[in-house]
Amino acid sequence: MSDLRFSSRVYKTQDKLRSQCVILPVASTLELDAPGKRLDKDSGGLVSAALRSGDFLGKAGDTLLLHGTGEASRILLVGVGVDDSESRDATDRDSQRKLITALTRALLGSKASDALLLSMSLPVDAADLDWFG
């Protein structure tokens, strides 16, 4: 079993971010936020093509590993579930646990030696930031 260690950094922009695996949280609406759109553009539309394929639904815990291009050798799409105020919220602890478990399994199953989570794409309730981070 591989070791998996987490650390965090704050980046002001996505310019020149390099990683063997960029992790992009995506809601079940399959709509990309600004970081997701930037990653899609940088990958030549790889992310949007994967979302159109129907292989990824964005449910909490769904994953899809794409072979990236440029600064990201791999792109891991991770579902965060429903992201609207009318239904079960993607910010609840159960959904966050599913997300973390799924991305950990996917990372451990890959050959990536580092990963970058675009956490600004995560819909985390401010009350839960302490336990999540």
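The following exchange asks how several descriptions of this predicted model are justified.

Biologist: What makes up the secondary structure of the protein chain, and what pattern does it follow along the sequence?

Modeller: The protein chain comes to 4 helices and 4 strands, and when read along the sequence these follow the pattern β-α-α-β-β-α-β-α.

Biologist: Why are β2 and β4 called edge strands of the sheet?

Modeller: The open sheet has 4 strands in the order β2-β3-β1-β4, with mixed pairing. β2 and β4 (116-117) each have a single partner strand, so one side of each is left without a neighbour in the sheet, and they therefore stand at the edges.

Biologist: How do you know that β1 and β3 count as paired, and in which sense do they run?

Modeller: Pairing requires at least two bridges between the strands, and β1 and β3 pair over 6 bridges, in the parallel sense. Within β3, Val 78 is the residue that stands opposite Pro 25.

Biologist: What makes you say that the buried residues of α1 lie on the same side of the helix?

Modeller: In α1 (residues 34-42) the buried residues are Pro 35, Gly 36, Leu 39 and Asp 40. They cover an arc of only 140° around the axis, which puts them on the same side of α1. On the other side of α1, Ala 34, Lys 37 and Lys 41 are exposed, a word that calls for over 50% relative accessible area. The buried residues of α1 pack against β1 (22-27), α2 (46-53) and β3 (74-81).

Biologist: Why does the contact at the start of α1 qualify as polar?

Modeller: A side-chain oxygen of Asp 33 reaches to within 3.0 Å of the backbone nitrogen of Gly 36, and because the cut-off for such a pair of N or O atoms is 3.5 Å, this contact qualifies.

Biologist: How do you know that α2 has one buried face, and what covers it?

Modeller: The buried residues of α2 are Val 47, Ser 48, Ala 50 and Leu 51. Seen down the helix axis, they fall within an arc of 160°, so they line one face of α2. Their cover includes β1, α1, β2 and β3.

Biologist: Which residues touch the most other members of the largest nonpolar core?

Modeller: That core has 17 residues, and those touching the most other members are Leu 24, Val 26, Leu 39, Val 47, Leu 51, Ile 75 and Leu 77. At least two residues of this core come from each of β1, α2, β2 (63-67) and β3. Apart from it lies another core, of 11 residues, among them Val 80, Leu 103, Ala 106 and Ala 112.

Biologist: Which residues does Leu 51 contact, leaving aside its neighbours within four places in sequence?

Modeller: Leu 51 is in contact with Val 26, Leu 30, Leu 32, Phe 56 and Leu 77.

Biologist: Why is Leu 30 called partly exposed, and what is the sign of its phi?

Modeller: Buried would need a value under 20% and exposed a value over 50%, so Leu 30, at 25% relative accessibility, counts as partly exposed. Leu 30 lies in the loop between β1 and α1, and its phi is positive, about 60°, although Leu 30 is not a glycine. Most residues other than glycine have a negative phi. Positive phi values are also found at Gly 44, which follows α1 with a phi near 70°, and at Gly 54, which follows α2 with a phi near 85°.

How values were computed:
Residues numbered from 1 in each chain as written. Predicted model: local features only at pLDDT ≥ 70, side-chain atom pairs only at ≥ 80, totals over all residues. Heavy atoms only, no water. Buried < 20%, exposed > 50% of the residue type's maximum accessible area, 1.4 Å probe, protein only. Arc of directions from axis to C-beta. Contact = heavy atoms within 4.5 Å. Polar contact = N/O pair within 3.5 Å; in protein donor to acceptor, adjacent residues only side chain to side chain. Core = buried A, V, L, I, M, F, W, Y, C linked by side-chain atoms within 4.5 Å.
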